[in-house]
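Dear colleague,

I am handing over the structure below, and I would be glad if you could look at it alongside these notes. They begin with a single helix and then move out to the rest of the chain.

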Amino acid sequence: PFRHNPSASQHASALDLCINLLVSLPSETPDKELRLNALKEVLKKFPKENYELFKYVITHLNKVSQNCKLNLMNSENLSICFWPTLMRPDFQTMDALTATRTYQTIIEVFIHQCPFFFYDRPMVELISAIPSSPTSNTAFQCPSPVAMIPSPPQSPPPTP
């Protein structure tokens, strides 16, 4: 039922833009800062409700990652757990199976750079999570205190 929701398909289309952007930019745009700005532009294309919900979830995951020294859940580990839920790939196709690292990397970047994407803050120190190719490995890192962002509201944003 949720997959047939028009809003869900709009969200999927916006995430497809993120995937296409990340896949197409490495050769064209070696600058990680330009890649992040391009992803920020893609976020502006999300339907308002989807943007607010995505912001809420990513903000929460960013906050969890700030305690990674205690819970061992840095942005990479969180992205591994949550990318299938957030990206909703069709695992029946070979394309989805071969793009799993790309999907995971996109969510990792959103978690790690949450203050930049959603709160008009400067970019967090650039880690190797913004790869020039989706197959790069990242070292276990916890976000710096600069990554601190406001706590999300206690409930998801209301729908109009």
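**Helix α3 and what it buries**

In helix α3, the buried residues are Asn 50, Phe 54, Lys 55, Tyr 56, Ile 58, Thr 59, Leu 61, Asn 62 and Ser 65. Please keep in mind throughout that this is a predicted model. The helix itself covers residues 48–65, and its 18 residues reach 25 Å from the first C-alpha to the last, which is close to the 26 Å expected at 1.5 Å a residue. An α-helix has 3.6 residues a turn, so residues three or four places apart point the same way. Within α3, Glu 52 and Lys 48 are four residues apart, and they are therefore separated by about one helical turn. The side chains of this pair meet in a salt bridge, with 4.0 Å from N to O. Lys 48 counts as exposed because its relative accessible area is 61%, whereas Glu 52, with 25%, is partly exposed.

**The protein as a whole**

The protein has eight helices and zero strands, and so its pattern, read along the sequence, is simply α-α-α-α-α-α-α-α. Of its 160 residues, 44% count as buried. The protein exposes about 8,800 Å², and carbon and sulfur atoms supply 59% of that area. If one takes the contacts between residues at least 6 apart in sequence, 68% of them join residues that are at least 24 apart.

**How far to trust each part**

The mean pLDDT of the protein is 74, and 59% of the residues reach 70 or more. Confidence is lowest in helix α1 (residues 6–28), where the mean is 56, and highest in helix α8 (residues 114–118), where it is 96. Over residues 1–5 the pLDDT is below 50, and this stretch has four contacts in the model beyond near neighbours in sequence. The pLDDT is also below 50 over residues 128–140, a stretch that has 33 contacts beyond near neighbours in sequence.

**Salt bridges**

A search of the whole structure finds three salt bridges, and the pair within α3, Glu 52 and Lys 48, is one of them. Another joins the side chains of Asp 120 and Lys 40, at 3.7 Å from N to O. Asp 120 lies in the segment after α8 and Lys 40 in helix α2 (residues 32–43), so this pair ties together parts that are 80 residues apart in sequence. The two partners differ in their surroundings, since Lys 40 counts as buried at 17% relative accessibility, while Asp 120 is exposed at 68%. A further salt bridge is formed by the side chains of Lys 44 and Glu 41, with 3.0 Å from N to O. Here Lys 44 is exposed, with a relative accessible area of 59%, and Glu 41 is partly exposed, with 43%.

**Two residues with positive phi**

Asp 120 deserves a second look for its backbone, as its phi is near 50°, a positive value in a residue other than glycine. Leu 72 is likewise a residue other than glycine with a positive phi, in this case near 60°. Leu 72 is placed in the loop between α4 (68–71) and α5 (75–87), and at 54% relative accessibility it counts as exposed.

**A buried valine and a nonpolar patch**

Is Val 109 buried or exposed? Val 109 is found in helix α7 (residues 100–112), and because its relative accessibility is 1%, Val 109 counts as buried. The C-alpha atom of Val 109 is separated by 8.6 Å from that of Glu 76, although the two residues are 33 residues apart along the chain.

On the surface, Phe 91, Met 94 and Leu 97 make a nonpolar patch of about 310 Å². Met 94 belongs to helix α6 (residues 94–98), and with 57% relative accessibility Met 94 counts as exposed.

With best regards

Note on methods. Residues are numbered from 1 along each chain as its sequence is written. Side-chain values use heavy atoms; hydrogens and water are left out. Patches are made of residues with over 30% relative accessible area and no salt bridge: like charges are joined within 9 Å, nonpolar side chains (Val, Leu, Ile, Met, Phe, Trp, Tyr) within 5 Å. Accessible areas come from the Shrake-Rupley method with a 1.4 Å probe; for residues, only the protein chains shown count as cover. Buried means under 20% relative accessible area, exposed over 50%, partly exposed in between (1.4 Å probe, protein chains only). The expected span of a helix is 1.5 Å times one less than its number of residues. Contact means heavy atoms within 4.5 Å. pLDDT is the predictor's confidence in each residue, from 0 to 100.
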